[in-house]
Amino acid sequence: MTDLKAQDFRNSALQAIRIERDAISALENRVDHHFVRACEVIMACRGRVVVTGMGKSGHIGHKIAATLASTGTPSFFVHPGEASHGDMGMITSQDVVIAISNSGNTSEVVTILPLIKRMGAPLISMTGNPDSTLAKEAVANLDVSVKTEACPLGLAPTSSTTATLVMGDALAVALLDARGFSAEDFAFSHPGGSLGRKLLLRVSDIMHVGDRIPMVDEDTTLSGALLEISRKGLGMTTVVSATGTMTGIFTDGDLRRTLDKSIDVHTTPIRDVMTQNGKTIQADQLAAEALNIMEGLKISALPVTDGSGALVGAINMHDLLRAGVI
């Protein structure tokens, strides 16, 4: 391969990127009253958003439906060809239909329009031709027209599919904001993998409880506290008063600082060298919040309390690592 050949590849790629970038930029002026109307119709929907489209528009439709569904707008894709052979039964009058076609006259999509209109399901179109059959039949037409495709032949859907995808994302985000959709809501749509673990797992799900909580009373000697740290293996121990209230914490870091003072570990009570009170986390908080606290304070373990402040558990960085939060 010559340098000239390599440069040709790069030039073609850069030209495609620039054309598609311009197509996306042009969408800013298309977020108009039609876009607002589409959002209002979907927000009022008592059923689901049904997305349909043929060919490359269908592929983009699959992605738009998936994005809507994962961001708080129940949605699914129906192939228009299959809709003509039984799958129209998947659409009800309570649904909203988003039909995608660059020309706006795709036969498979146009064929099912009378059925959609007859059942009374509102129709939103995404087309590159505002004078098309599909656009005229819709309650709102989202204009995704482009000046040119990135394909030098002007044939392969490239800029047009990118513009449609971005408009679909814009619609999904606008609806997400309108619904007040939260990160926790998002996690319920993504329970698998690290995302679900980070957003759904709570401290109470992985903390050490009962006899596994490192705990000594204030009169325990430093050597006794060290034995408790060693037995429980969390790199710290909590310190509690005679009434059972947590009054402090003693960690591996505290031990290093204490040894620098030449203190007798066999006679010194833990209350004299502990960190008073100390940072805690509540059992109902997200495990990801525990990670943020530990990283922010550069510590490796946290006592866990309930809503009343009572000590109910303990958690350390290894617990978060095993749970996949890190």
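Strands here are DSSP runs of E with at least two residues, helices are runs of H or I with at least four, and both are numbered from the N terminus. The model is predicted.

**Exercise 1. Positive phi outside glycine**

Place asparagine 277 and lysine 298 in the chain, and give the phi of each.

*Solution.*
- Step 1. Start with the general expectation: most residues other than glycine have a negative phi.
- Step 2. Asparagine 277 sits in the loop that runs from β9 (275–276) to β10 (281–282). Its phi is positive, about 60°, although it is not a glycine.
- Step 3. Lysine 298 belongs to the loop between α13 (287–297) and β11. Phi of lysine 298 is near 55°, again a positive value in a residue other than glycine.
- Step 4. Check the surface of lysine 298. The cut-off for exposed is over 50% relative accessible area. Lysine 298 has 75%, so it is exposed.

**Exercise 2. Helix α3 and what follows**

Test the length of α3 against its number of residues, then list its buried positions.

*Solution.*
- Step 1. α3 has 16 residues, and at 1.5 Å a residue it should span 22 Å.
- Step 2. The end C-alpha atoms of α3 are 23 Å apart, which agrees with the expected span.
- Step 3. The buried residues of α3 are Ser57, Gly58, Ile60, Gly61, Ile64, Ala65, Thr67, Leu68 and Ser70.
- Step 4. For the spacing, recall that an α-helix has 3.6 residues a turn, so residues three or four places apart point the same way.
- Step 5. Look just past the helix. Glycine 72 comes just after α3 and has a positive phi of about 100°.

**Exercise 3. The largest nonpolar core**

Which residues have the most contacts inside the largest nonpolar core, and which elements give two or more residues to it?

*Solution.*
- Step 1. The core has 27 residues, and Ile98 and Leu171 have the most contacts inside it.
- Step 2. Two or more residues come from each of these helices: α2 (33–43), α3 (55–70) and α7 (159–179). The strands that do so are β1 (49–53), β3 (96–101), β4 (123–127) and β5 (140–143).
- Step 3. Zoom in on isoleucine 98. Beyond four places in sequence, it touches Ile42, Val49, Val50, Val51, Thr52, Leu68, Ile124, Met126 and Leu171.
- Step 4. Apart from this core lies another, of 18 residues. Val203, Met294, Leu302 and Ile315 are among them.

**Exercise 4. Two residues, two settings**

Is threonine 164 buried or exposed? How does histidine 79 count by relative accessibility?

*Solution.*
- Step 1. Threonine 164 is in helix α7. The cut-off for buried is under 20%. At 7% relative accessibility, threonine 164 is therefore buried.
- Step 2. List the contacts of threonine 164, leaving aside neighbours within four places in sequence: Ile60, Ile64, Ile100, Met126 and Val144.
- Step 3. Histidine 79 lies in the loop that joins β2 (75–77) to α4 (80–83). Its relative accessibility is 33%, so it counts as partly exposed.
- Step 4. Beyond four places in sequence, histidine 79 touches Thr52 and Met54.
- Step 5. Relate histidine 79 to isoleucine 98. They are 19 residues apart in sequence and 12 Å apart in space, C-alpha to C-alpha.

**Exercise 5. Two pockets**

Describe the largest and the second largest pocket by volume, lining and residue class.

*Solution.*
- Step 1. The largest pocket has a volume of about 280 Å³. It is lined by 18 residues, and Ile249, Thr251, Asp254, Ile299 and Ala301 lie nearest its centre.
- Step 2. β8, α12 and β11 (301–305) each give two or more residues to that lining. α12 gives the most, with four residues.
- Step 3. By class, the lining of the largest pocket holds seven nonpolar, six polar and five charged residues.
- Step 4. The second largest pocket has a volume of about 200 Å³. Of its 17 lining residues, Lys56, Ser57, Asn102, Pro157 and Ser160 are closest to the centre.
- Step 5. α3, β3 and α7 each supply at least two residues of this second lining. The largest share, four residues, comes from α3.
- Step 6. The classes in the second largest pocket are six nonpolar, nine polar and two charged.

**Exercise 6. The cover of α11**

What covers the buried residues of α11?

*Solution.*
- Step 1. In α11 (residues 222–232), the buried residues are Leu222, Ser223, Gly224, Ala225, Glu228 and Ile229.
- Step 2. Their cover includes the strands β6 (215–217), β7 (236–240) and β8 (246–251), and the helix α12 (252–259).
- Step 3. Glycine 233 follows α11, with a positive phi near 70°.

Definitions and conventions
Residues numbered from 1 in each chain as written. Predicted model: local features only at pLDDT ≥ 70, side-chain atom pairs only at ≥ 80, totals over all residues. Heavy atoms only, no water. Buried < 20%, exposed > 50% of the residue type's maximum accessible area, 1.4 Å probe, protein only. Contact = heavy atoms within 4.5 Å. Core = buried A, V, L, I, M, F, W, Y, C linked by side-chain atoms within 4.5 Å. Expected span 1.5 Å × (residues − 1). 1 Å grid on protein atoms, 1.4 Å probe; cavity = no way out; pocket = protein on both sides within 12 Å on 5 of 7 lines; lining within 4 Å. Points joined across faces, edges and corners; volume = space filled by probe spheres on them. Nonpolar A, V, L, I, M, F, W, Y, C, P; charged D, E, K, R; others polar.
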